[in-house]
Amino acid sequence: MPTQNPGEPFQRISIEEAKSMLEKSPDEIQVIDVRNEDEYKSGHVSGAVLLPVDQILDRIEEVPQNKSVFFICAAGVRSGLACEYVASMGYDQKLLFNIEAGTPSWIEANYPTTYE
């Protein structure tokens, strides 16, 4: 079940919760990978779009406001920062999620992954 730490403008979810939610409502969720391009190409959540954390504010219009947004990185730090950035731009905090374990754990679990 998603959790929220005091003061955080987003919810934390596990890779298992993210996978389950994506299976149930794929059209209502956008996964955004905030790692660097080389990391993204080495394997990412299938359907995830690349939007490096250092470009979030410059490309904020690429973050949907009408669906849940799952941010993911390698270990949950950059994706948490991305959630903070997006929330500071007025996005609905109930729609912002940080996948805590990160992409390596997603791949290790043999969840749907795309390689480029």
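**Exercise 1. Work out how E2 and E4 are joined in this predicted model.**

Solution. Start with the bridge count: E2 and E4 share 2 bridges. Next, check the direction, which is parallel. For a concrete spot to look at, go to Ile 32, which sits across from Val 49 in E4.

**Exercise 2. Now find what E2 does with E5.**

Solution. Strand E2 covers residues 29-33, and its pairing with E5 is parallel, over 5 bridges. Two positions help you trace it. Ile 29 faces Ser 68 in E5, and Val 31 has Phe 70 as its bridge partner in E5.

**Exercise 3. Put the strands in order and pick out the edges.**

Solution. Walk across the open sheet of 5 strands and you read E1-E6-E5-E2-E4, with parallel pairing. The edges are strand E1 (11-13) and strand E4 (49-50), since each of these pairs on one side only.

Now add the helices. Helix H1 (residues 15-24) packs on the sheet and touches E1, E2, E5 and strand E6 (96-99). The direction of H1 makes about 95° with that of E1. H3 packs on the sheet too, touching E5 and E6, and its direction makes about 170° with that of E6.

**Exercise 4. Are the residues of E2 buried or exposed?**

Solution. Count first: 5 of the 5 residues in E2 are buried, where buried means under 20% relative accessible area. Then sort them by face. Ile 29, Val 31 and Asp 33 lie on one side, while Gln 30 and Ile 32 lie on the other. Both faces of E2 are therefore covered, with every one of those residues buried.

**Exercise 5. Track down the largest nonpolar core and see where its residues come from.**

Solution. As a rule of thumb, nonpolar side chains in soluble globular proteins tend to be buried together. Here the largest core has 17 residues, and those with the most contacts inside it are Ile 32, Val 34, Ile 56, Val 63, Phe 71, Val 86 and Leu 96. Strand E5 (68-72) and helix H3 (77-88) each supply at least two of the core residues. H3 gives the largest share, 4 residues.

Click on Phe 71 next. Leaving aside residues up to four places away in sequence, Phe 71 touches a list including Ile 32, Val 34, Ile 56, Val 63, Val 86 and Leu 96. Ser 79 and Asn 98 are also among the residues Phe 71 touches.

Finally, look apart from this core for another one: that core has 14 residues, among them Ala 18, Leu 22, Val 45 and Phe 70.

Conventions:
Residues numbered from 1 in each chain as written. Predicted model: local features only at pLDDT ≥ 70, side-chain atom pairs only at ≥ 80, totals over all residues. Heavy atoms only, no water. Core = buried A, V, L, I, M, F, W, Y, C linked by side-chain atoms within 4.5 Å. Buried < 20%, exposed > 50% of the residue type's maximum accessible area, 1.4 Å probe, protein only. Contact = heavy atoms within 4.5 Å. Pairing = 2+ DSSP bridges. Axes fitted to C-alpha atoms, helices over the stretch in contact; angles between N-to-C directions.
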